[in-house]
Amino acid sequence: MTAPAGGDLRERLHALDTCAVSDALDHLHLSGATTGVRPMHQGSGRIAGFARTVEVVDAPAAPAGKHLATRTVAAAGPGDVVVIANKGRVNVSCWGDILTVAAQVNGVEGTVIDGACRDADAVADAGYPLWARAAVPVTARGRIAERGSNVPVLFDGVLVHSGDLVLADGSGVVFLPAERAGEIIATAERLTARQDAMAAAIRAGESVIDVMADARFHAALTGDER
C-alpha cells in the first residue's frame with residue numbers, strides 16, 4: 001500500500017490535525033474532508049495511515065459467504081486504517097468487538113466508518129481507535145454485507161482508494177489522495193506553523209483583530225511567505 005516515502009508521509013500527517021488538512025484541501029480545490037463522523041470514545045485520540053477500504057451494500061446485493069470486513073482486517077497491519085463505506089446508514093452496525101480484537105492483533109491503526117458500529121463499550125475498553133456516525137445494537141447479519149474490499153468507495157461523498165492517506169482526530173476524518181498527499185501535507189504544515197505564530201502573537205499581547213487580518217495566513221497556504 002505504501003509508496004517508498006509512505007512512512008515519512010504518515011508520520012508527518014500524524015503531526016497535523018484534520019482542520020489544517022481540511023484547509024489545505026480547500027486551498028488546493030480537492031475534496032477529502034468529511035462531516036458527522038466522530039470518535040466513538042475518548043481513547044480514540046488521533047490516527048494517521050493508509051486506507052484499506054470496504055464497500056458495504058444491502059445483503060441481497062452482496063456475494064454470499066463473505067463476512068463483513070474480515071478479509072480486509074486479516075490483510076491489514078501497522079500503518080493501515082480500515083475504511084468502511086456504508087452510505088451513512090445509522091440503523092445497522094458494520095463493526096463490532098470481534099473485528100476490533102482482530103484489528104488490534106494485527107496492529108491496525110484504527111477504523112473509520114461512514115455508518116454505525118456496535119459493542120461501543122467493548123471497543124472503548126479495548127482502547128481501539130474508532131470513528132463512526134453512531135453506535136447501535138443492531139447486527140449486520142441478514143441486513144448488510146461486504147461487496148468488495150480494497151476497491152474505490154464513496155465515504156460521505158469523498159472518493160477513497162486503498163492506499164490513500166487517512167487522518168482522524170476529535171474534529172472528524174479527512175482523506176488525502178495518494179498522488180497529492182505530499183503537496184497537501186506540505187501545505188498543511190505551512191498553515192500549522194503560521195497558526196502557531198498567530199497564537200503566540202496573541203499571547204504576547206497583539207490584538208486578535210490585527211492577527212486574524214494577517215495576510216501571512218494566506219501566504220502560508222500558497223507557500224509565498226518571505
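These legends accompany several close-up views of a predicted model.

**View 1. Glutamate 189 and arginine 12 meet in a salt bridge between two helices.** Here we start with a contact that spans much of the sequence numbering. The closest N and O atoms of glutamate 189 and arginine 12 are 2.8 Å apart. Glutamate 189 belongs to helix α6 and arginine 12 to helix α1 (residues 6-14), so their salt bridge ties together parts that are 177 residues apart in sequence. Glutamate 189 has a relative accessible area of 28% and is therefore partly exposed. Arginine 12 is partly exposed too, with a value of 26%. Follow the side chains a little further and Asp8 joins in: Asp8, Arg12 and Glu189 are linked in a network of salt bridges. For context, a search of the whole structure finds nine salt bridges.

**View 2. A buried salt bridge joins aspartate 80 and arginine 52.** The N to O distance in this pair is 3.2 Å. Aspartate 80 sits in strand β3 (residues 80-93) and arginine 52 in strand β2 (residues 47-58), so the pair ties together parts that are 28 residues apart in sequence. Both aspartate 80 and arginine 52 are buried, which means that each has under 20% relative accessible area.

**View 3. Arginine 147 reaches glutamate 55 from another strand.** This view stays with strand β2, now at a different residue. Arginine 147 and glutamate 55 form a salt bridge whose closest N and O atoms are 2.7 Å apart. The pair links distant parts of the chain, with arginine 147 in strand β7 and glutamate 55 in strand β2, 92 residues apart. Arginine 147 is partly exposed because its relative accessibility is 40%, a value between the 20% limit for buried residues and the 50% limit for exposed ones.

**View 4. The largest pocket is lined by 20 residues.** Its volume is about 350 Å³. Closest to the pocket centre are His67, Leu68, Thr139, Ala140 and Arg141. The elements that give two or more residues to the lining are α4 (97-105) and β7 (144-149). Of the elements, α4 gives the most, with three residues. If you are thinking about the chemical character of the lining, the classes are nine nonpolar, six polar and five charged residues.

**View 5. Ile202, Val208, Ile209 and Met212 make a nonpolar patch on the surface.** The patch covers about 410 Å². Helix α7 (residues 208-212) gives the most to this patch, with three residues. Isoleucine 202, another member of the patch, is found in helix α6 (residues 181-203). With a relative accessible area of 35%, isoleucine 202 is partly exposed, and so it passes the cut-off of over 30% that patch residues must meet.

**View 6. Isoleucine 185 is a buried residue of helix α6.** We are back on the helix that holds glutamate 189, this time at a residue hidden from the surface. Isoleucine 185 counts as buried because its relative accessibility is 0%. Alanine 24 is the partner to look for: the C-alpha atoms of isoleucine 185 and alanine 24 are separated by 7.7 Å, although the two residues are 161 residues apart along the chain.

**View 7. Histidine 29 and aspartate 119 have positive phi values in loops.** Backbone angles are the topic here. Phi of histidine 29 is near 60 degrees, a positive value in a residue other than glycine. Histidine 29 is found in the loop between α2 (18-27) and β1 (38-39). Its relative accessible area is 72%, so histidine 29 is exposed. Aspartate 119 is not a glycine either, yet its phi is positive, at about 55 degrees. The loop that holds aspartate 119 runs between β4 (110-117) and α5 (120-126). Aspartate 119 counts as partly exposed because its relative accessibility is 28%.

**View 8. Valine 138 and alanine 168 are 25 Å apart in space.** That distance is taken from C-alpha to C-alpha, and the two residues are 30 residues apart in sequence. Valine 138 lies in the loop between β6 (134-135) and β7. At a relative accessible area of 28%, valine 138 is partly exposed.

Definitions and conventions: Residues numbered from 1 in each chain as written. Predicted model: local features only at pLDDT ≥ 70, side-chain atom pairs only at ≥ 80, totals over all residues. Heavy atoms only, no water. Patch = residues over 30% accessible without salt bridge, like charges linked within 9 Å, V, L, I, M, F, W, Y side chains within 5 Å. Areas by Shrake-Rupley, 256 points an atom, 1.4 Å probe, with all protein chains shown as cover. Salt bridge = Lys/Arg side-chain N within 4 Å of Asp/Glu carboxyl O. Helix = DSSP H or I, 4+ residues; strand = E, 2+ residues; numbered from the N terminus. Buried < 20%, exposed > 50% of the residue type's maximum accessible area, 1.4 Å probe, protein only. 1 Å grid on protein atoms, 1.4 Å probe; cavity = no way out; pocket = protein on both sides within 12 Å on 5 of 7 lines; lining within 4 Å. Points joined across faces, edges and corners; volume = space filled by probe spheres on them. Nonpolar A, V, L, I, M, F, W, Y, C, P; charged D, E, K, R; others polar.
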